[in-house]
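Me: I have a new structure open and would like to learn how to read it. Could you walk me through its features one by one?

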Amino acid sequence: MVSAGDFKNGLTVEIEGNVYQIMEFQHVKPGKGAAFVRTKLKNIINGGVVEKTFRPTEKFENAHIERKEMQYLYNDGDLFYFMDTATFDQIAVNADTVGDSLKFVKENENVKLSSYQGSVFAIEPPLSVELLIVETEPGFKGDTAQGATKPAIVETGAQVMVPLFVEQEDKIKIDTRTGEYLSRA
């Protein structure tokens with residue numbers, strides 16, 4: 001149990017049946033009336049952000065989020081399979097939970113799965129990945145306008161905007177958070 005007076009950034013608590021991470025908090029002591037704690041909370045299951053105020057004496061249950069590194073094996077229709085590399089246990093996660101988080105991840109690469117009470121709610125890919133370009137238009141000599149880009153399809157099927165000098169069969173490095181081209185590999 002943690003009281004609202006002891007809130008810290010990054011702490012995860014259970015409030016009204018939902019799991020929230022504290023993004024910001026501020027202790028307020030007005031000239032008149034009782035002190036209170038103003039917070040900005042992020043619902044870690046659906047990503048929504050809310051602002052709430054609490055009395056400093058209110059108590060909440062700590063929510064323990066488990067983050068585990070697992071290997072992405074394959075997908076079979078609406079299910080994506082992951083394996084714990086230490087115990088070799090496999091779990092299946094449905095496509096709604098996965099969303100777009102694996103669009104730059106190849107099979108057999110490691111990702112981090114975040115779960116609460118045994119139920120996976122988020123998948124974090126590595127910060128950057130190296131992928132092969134399978135389809136792109138050729139760049140033309142003289143087309144070197146500042147910052148000019150063209151679309152390219154990588155081996156996972158995702159589309160990335162790349163500079164004109166990048167050719168088909170090149171390996172490129174991609175930032176998985178933004179989906180942007182970083183460099184040739």
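Reply: Gladly! One definition to begin with: two strands pair if DSSP finds at least two bridges between them. Please keep in mind that this is a predicted model.

Me: Good to know. In what order do the six strands of the open sheet that includes β1 run, and what is the pairing?

Reply: Here is the general idea: strands of a sheet pair through backbone hydrogen bonds, either parallel or antiparallel. In this structure, six strands make up an open sheet, and reading across it gives β1-β6-β2-β3-β4-β5, with antiparallel pairing. At its edges stand β1 (2-3) and β5, each with a single partner strand, so one side of each has no neighbour in the sheet.

Me: How many bridges join β4 to β5?

Reply: Six bridges hold strand β4 (residues 36-43) to strand β5 (residues 49-54), and the two run antiparallel. You can follow individual partners: T39 has K52 as its bridge partner in β5, while R38 is matched with T53 in β5.

Me: What should I look for in the hairpin of β4 and β5?

Reply: Look at the residues between the strands, of which there are five; G47 in this hairpin takes a positive phi near 85 degrees.

Me: Which residues have a positive phi although they are not glycines?

Reply: Try E16, which has a positive phi of about 50 degrees and is not a glycine. E16 sits in the loop between β2 (12-15) and β3. Another is F88, also not a glycine, with a positive phi of about 65 degrees. You will find F88 in the loop between β8 (79-84) and β9 (90-94).

Me: Is E16 buried or exposed? And what about F88, buried or exposed?

Reply: The cut-off to remember is that exposed means over 50% relative accessible area, and buried means under 20%. E16 has 65% relative accessibility, so E16 counts as exposed. F88 counts as exposed too, because its relative accessibility is 56%. You can add G31 to your notes: this residue lies in the loop between β3 (18-28) and β4, and at 87% relative accessibility G31 counts as exposed.

Me: How far apart in space are G31 and L131?

Reply: From C-alpha to C-alpha they are 59 Å apart, with their positions 100 residues apart in sequence.

Me: Let me move to the other sheet. In what order do the five strands of the open sheet that includes β14 run?

Reply: The order is β14-β13-β12-β15-β16, in an open sheet with antiparallel pairing. Its edge strands are β14 and β16 (180-184), each of which pairs on one side only. On average, neighbouring strands of this sheet are turned by 55 degrees against each other, direction ignored.

Me: Which strands does β12 pair with, and over how many bridges?

Reply: Strand β12 (residues 128-136) is joined to strand β13 (residues 149-154) by three bridges, and these two run antiparallel. Among the partners, T136 is bridged to A152 in β13, and E135 to I153 in β13. β12 also pairs with β15 in the antiparallel sense, over five bridges. There, S128 stands opposite D175 in β15.

Me: Where is D170, and is it buried or exposed?

Reply: D170 lies in the loop between β14 (159-163) and β15 (171-175). Its relative accessibility is 18%, so D170 counts as buried. The side chain of D170 reaches the backbone nitrogen of E167 at 2.9 Å. Setting aside neighbours within four places in sequence, D170 is in contact with L131, L132, I133, F165 and R184.

Me: Last topic: how much space lies in the largest pocket, and which residues lie nearest its centre?

Reply: The general idea first: rolling a probe the size of a water molecule over the atoms shows where empty space is left. Here, the largest pocket holds about 290 Å³ of space. Its lining has 17 residues, and K42, I44, I45, F121 and A122 lie nearest the centre. The elements that give two or more residues to this lining are β7 (65-76), α1 (95-98) and β11 (119-124).

Me: Which element provides the largest share of the lining of the largest pocket?

Reply: That is β11, with four residues.

Technical notes: Residues numbered from 1 in each chain as written. Predicted model: local features only at pLDDT ≥ 70, side-chain atom pairs only at ≥ 80, totals over all residues. Heavy atoms only, no water. Buried < 20%, exposed > 50% of the residue type's maximum accessible area, 1.4 Å probe, protein only. Polar contact = N/O pair within 3.5 Å; in protein donor to acceptor, adjacent residues only side chain to side chain. Contact = heavy atoms within 4.5 Å. Axes fitted to C-alpha atoms, helices over the stretch in contact; angles between N-to-C directions. 1 Å grid on protein atoms, 1.4 Å probe; cavity = no way out; pocket = protein on both sides within 12 Å on 5 of 7 lines; lining within 4 Å. Points joined across faces, edges and corners; volume = space filled by probe spheres on them.
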